[in-house]
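Hi everyone, thanks for coming. Let me put the structure up, and then we'll go through one part of it together.

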Amino acid sequence: MTPGVEYEPTRGFTGRARAADRDPRLPPGQYDARDGWPVLSAEVTPHLAAADWTFRVDGLVAEPRTWGWDEAHALPAAEYRGDIHCVTSWSKFGVRFGGVSLDSFLAAVRPLPEASHVVAYSHTGYTSNLPLADVTGGRAWIVWEYGDEPLPPEHGGPARLIVPHLYFWKSAKWIAGLRLLDHDEPGFWEQNGYHHRGDPWAEERYAGD
Ligand SMILES: Nc1nc2c(c(=O)[nH]1)N[C@H]1C(S)=C(S)[C@@H](COP(=O)(O)O)O[C@H]1N2
Ligand SMILES: [Mo]
């Protein structure tokens with residue numbers, strides 16, 4: 001189980017499995033993908049060299065800034081060990097991603113008080129929207145390692161965003177930047193009927209859930 005995360009006891013019967021047999025790490029309506037890691041991409045996988053990767057944070061910040069690969073790696077290393085959940089219903093337990101906490105990038109640009117939301121955008125044009133509160137406080141990372149290996153291109157390498165407490169569509173692959181806004185601006189899937197926030201424990205899959 002993920003340290004620091006409390007899991008609610010499962011109540012009653014759920015689907016085919018008896019509640020008692022159900023892994024408490026599994027949010028409602030999800031299954032354990034075990035050794036598999038499905039690739040879900042709306043785009044063709046870009047093959048972006050690490051040397052060409054950049055990450056920019058702008059919008060409602062005191063000092064907009066762009067980091068290159070080496071500059072981003074000079075920030076304090078951080079990792080996520082825990083679970084991930086895709087809205088298409090697979091979850092993976094106990095994965096490890098290595099990179100840098102988004103807090104480190106945000107500390108450098110200094111968000112303005114009116115900043116309330118972010119749009120994350122990829123080098124391919126993919127976008128996802130998030131409340132600023134969901135990407136601060138050690139809950140979001142820019143990562144370039146999966147396990148101890150470089151993040152594979154089909155999974156967003158050279159670098160992607162991860163926001164693992166929300167459904168994984170929020171975690172933009174081939175991340176290019178974050179724009180801080182004073183309002184919520186729906187991203188790619190959110191414009192196509194998905195929920196604006198996407199909490200897997202509340203089963204916030206579609207708009208209106
Ligand atoms: N750029 C980009 N990022 C993306 C997506 C995408 O299509 N393009 N799909 C999202 C969805 S729906 C999921 S579940 C995860 C899938 O990540 P994976 O392919 O590494 O499993 O990436 C998210 N980030
Ligand atoms: Mo997904």
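**A pocket and its ligand**

So, the second largest pocket has a volume of about 360 Å³. A pocket here, on a 1 Å grid over the protein atoms alone, is an open set of points where a 1.4 Å probe fits, with protein on both sides within 12 Å along at least five of seven lines. The volume is the space filled by probe spheres set on the points, which are joined across faces, edges and corners. This pocket is lined by 22 residues (each with an atom within 4 Å of a point), and Leu40, Ser41, Tyr126, Trp169 and Trp189 are the closest to its centre.

Quick caveat: this is a predicted model, where local features need pLDDT of at least 70 and side-chain atom pairs need 80 or more, while totals for chains, interfaces and linings use all residues. Residues count from 1 along each chain, chains are lettered from A and ligands numbered from 1 as written, and side-chain values use heavy atoms, without hydrogens and water.

What takes up the space of this pocket? That's ligand 1 (more than half of its atoms lie within 2 Å of the grid points). Around ligand 1 there are 20 residues (a heavy atom within 4 Å), with Pro38, Ala42, Glu43, His155 and Lys173 the closest.

Now the polar contacts, meaning N or O pairs within 3.5 Å. A polar side-chain atom of Glu43 is 2.7 Å from a nitrogen of ligand 1. For Leu40, a backbone N or O atom sits 2.9 Å from an oxygen of the ligand.

Conventions:
Polar contact = N/O pair within 3.5 Å; in protein donor to acceptor, adjacent residues only side chain to side chain.
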